[in-house]
Amino acid sequence: NHVTLGGITPADSPFLRRPDLLQSLITYWQHHPCLSYFFSGLFVGPTSQAPRADEGRPEAIYELELAFQQIPPPERNQPWIVDRLFRHLLTDLTGNTHRAEFCIDKLYSPDTASGRQGLVEFRAFEMPPHARLSLTQMLLLRALVARFWAQPYQKPLVRWGTSLHDRWMLPHYLWEDLKEVVTDLNTVGYPLQLEWFAPFLEFRFPVLGQLTRDGIQLELRAAIEPWLVLGEETTQAGTARFVDSSVERLQVKLSGLTDSRYA
C-alpha cells in the first residue's frame, strides 16, 4: 500500500551508494509536511502506520541532527552505516521500525539477509485509486531523488511544535506547500506542473459544500484529523488497540470578505 524505491541489486541502490541521500530526503520531508500528509491515507499522526520522524517525540529532532553529523562522505561509505545511524530514530512511538514514514528495514541491515535489499519504503504515500495518479507520485519521488543525488539538501531542521498538527492538517496550507515543492523542482530543471496533483486534492480533501452570497464565497472541505490509538483492551479474539475516530476536521475557507465590514 506504499511506494518503495531501490535498485536492481542492493549494490545499485542510490541510498547505499550515497548515504547523504537519505539525509536529504528526511530533511526535505521535514521541511515540507505536504509530502507527509498530502498523499497519505486516513490514518496519520504519531500512532499511525507512517509517523514522521519528528512526530510525537520532541527530542527526535536533536537526535536526528546528531545522526546527520556522523554520516561519512561517499568515498568512505560503508553500506551498513545508514542502518546503524537511523534504525532507532525512524520508528513509531513503540520503537517499531516498520511503522515509520521512512522504513529502512530492507535497506542494508547487517543482522539478517532479508534486510539487505537496498530498498526504502515511503509509507506515507498511499497507493492511489488510478494508475495515472500512481505515475504522478512516482514521477515526484524520482525527481526528488535525482535532484538530491545531484545536489544534497543539508539545512537545519525545523521545530514545528504544535503547528505541525494545527496548520499542516488543512488542505489550503498543504496545497501551498506542494506548490513550493513543484516550484523548487522547476527551478532545478524538473518541469513538473502543479495541476497534475489537483486530482489528489479533490480525492484526499473532497469539497463538502459551497455557498456564494453577495460576492462572499464560503467553502467547506474535509481536512485531516490525527486519529490516535487508544489503550489496549481485551476482546474475545485477544488484545485490540482501537482508534479514536470520534472527531473529524473540516476546513472553513472564506474569500471576498472585508474584515472591517463583515463579522
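## Strands, salt bridges and empty space

Leu-5 sits in strand E1. The model is a predicted one, and this residue makes a handy way in. Leu-5 counts as buried because its relative accessibility is 10%, under the 20% cut-off for that class. Its bridge partner in E3 is Val-120. Another residue to look at here is Glu-121: its C-alpha atom is separated from that of Leu-5 by 6.5 Å, although the two are 116 residues apart along the chain.

Now for the sheet around Leu-5. E1 and strand E3 (residues 120-122) run antiparallel and are joined by 3 bridges. They belong to an open sheet of 3 strands, ordered E1-E3-E2, with antiparallel pairing. Strand E1 (3-5) and strand E2 (102-103) are the edge strands, each of them pairing on one side only.

What about the cysteines? Cys-34 is buried because its relative accessibility is 0%, and Cys-103 is buried too, with 1% relative accessibility. Disulfides come to a count of 0, where the rule asks for a pair of cysteine sulfur atoms within 2.5 Å.

On to the charged side chains. How many salt bridges does a search of the whole structure find? The count is 16 salt bridges. Here are some of them, with the N to O separations:

| Salt bridge | N to O distance |
|---|---|
| Arg-84 and Asp-83 | 2.5 Å |
| Asp-105 and Arg-87 | 3.6 Å |
| Arg-147 and Asp-184 | 2.3 Å |

Take the Asp-105 and Arg-87 pair, whose side chains meet at 3.6 Å, N to O. This pair links distant parts of the chain: Asp-105 is in the loop between E2 and E3, Arg-87 is in the loop between helix H5 (81-86) and E2, and their positions lie 18 residues apart in the numbering, that is, they are 18 residues apart. Arg-87 is buried, given its relative accessible area of 15%.

The side chains of Arg-84 and Asp-83 also meet in a salt bridge. Is each partner buried or partly exposed? Arg-84 is partly exposed, as its relative accessible area is 36%, whereas Asp-83 is buried, with a relative accessible area of 1%. Both pairs feed into something wider: Asp-83, Arg-84, Arg-87, Asp-105 and Asp-111 are linked in a network of salt bridges.

Then there is Arg-147, which forms a salt bridge with Asp-184, their closest N and O atoms being 2.3 Å apart. Again the pair links distant parts of the chain, with Arg-147 in helix H6 (residues 131-150) and Asp-184 in helix H8 (residues 171-187), 37 residues apart. Arg-147 is buried, because its relative accessible area is 11%.

Next, the empty space. Rolling a probe the size of a water molecule over the atoms is what shows where such space is left. The largest pocket holds about 310 Å³ of space. It is lined by 18 residues, and the closest to its centre are Gly-41, Phe-43, Gln-49, Arg-123 and Glu-126. Sorted by class, the lining of the largest pocket comes to 7 nonpolar, 8 polar and 3 charged residues.

Enclosed space turns up as well: the search finds 3 cavities of 30 Å³ or more in the whole structure. About 70 Å³ of space lies in the largest cavity. Which residues line the largest cavity? They are Phe-38, Phe-39, Ser-40, Glu-126, Met-127, Pro-128, Gln-137, Phe-200, Phe-203 and Arg-204. Helix H9 (residues 198-204) gives the most to this lining, with 3 residues. By class, the lining of the largest cavity divides into 6 nonpolar, 2 polar and 2 charged residues. Glu-126 is worth a second look, since this residue is among those closest to the centre of the largest pocket and also lines the largest cavity.

One last stop is a backbone oddity. Asp-214 has a positive phi of about 55°, although it is not a glycine. You'll find Asp-214 in the loop between strand E4 (207-213) and strand E5 (216-222). Asp-214 counts as exposed because its relative accessibility is 70%, over the 50% cut-off.

Conventions: Residues are numbered from 1 along each chain as its sequence is written. This is a predicted model: local features need pLDDT of at least 70, side-chain atom pairs count only at pLDDT 80 or more; totals for chains, interfaces and linings use all residues. Side-chain values use heavy atoms; hydrogens and water are left out. On a 1 Å grid over the protein atoms alone, a cavity is a set of points where a 1.4 Å probe fits but cannot get out, and a pocket is an open set with protein on both sides within 12 Å along at least five of seven lines; lining residues have an atom within 4 Å of a point. Grid points are joined across faces, edges and corners, and a volume is the space filled by probe spheres set on the points. Ala, Val, Leu, Ile, Met, Phe, Trp, Tyr, Cys and Pro count as nonpolar, Asp, Glu, Lys and Arg as charged, and the others, Gly among them, as polar. Buried means under 20% relative accessible area, exposed over 50%, partly exposed in between (1.4 Å probe, protein chains only). Helices (H or I, at least four residues) and strands (E, at least two) are DSSP runs, numbered from the N terminus. Two strands pair if DSSP finds at least two bridges between them. A salt bridge is a side-chain nitrogen of Lys or Arg within 4 Å of a carboxyl oxygen of Asp or Glu.
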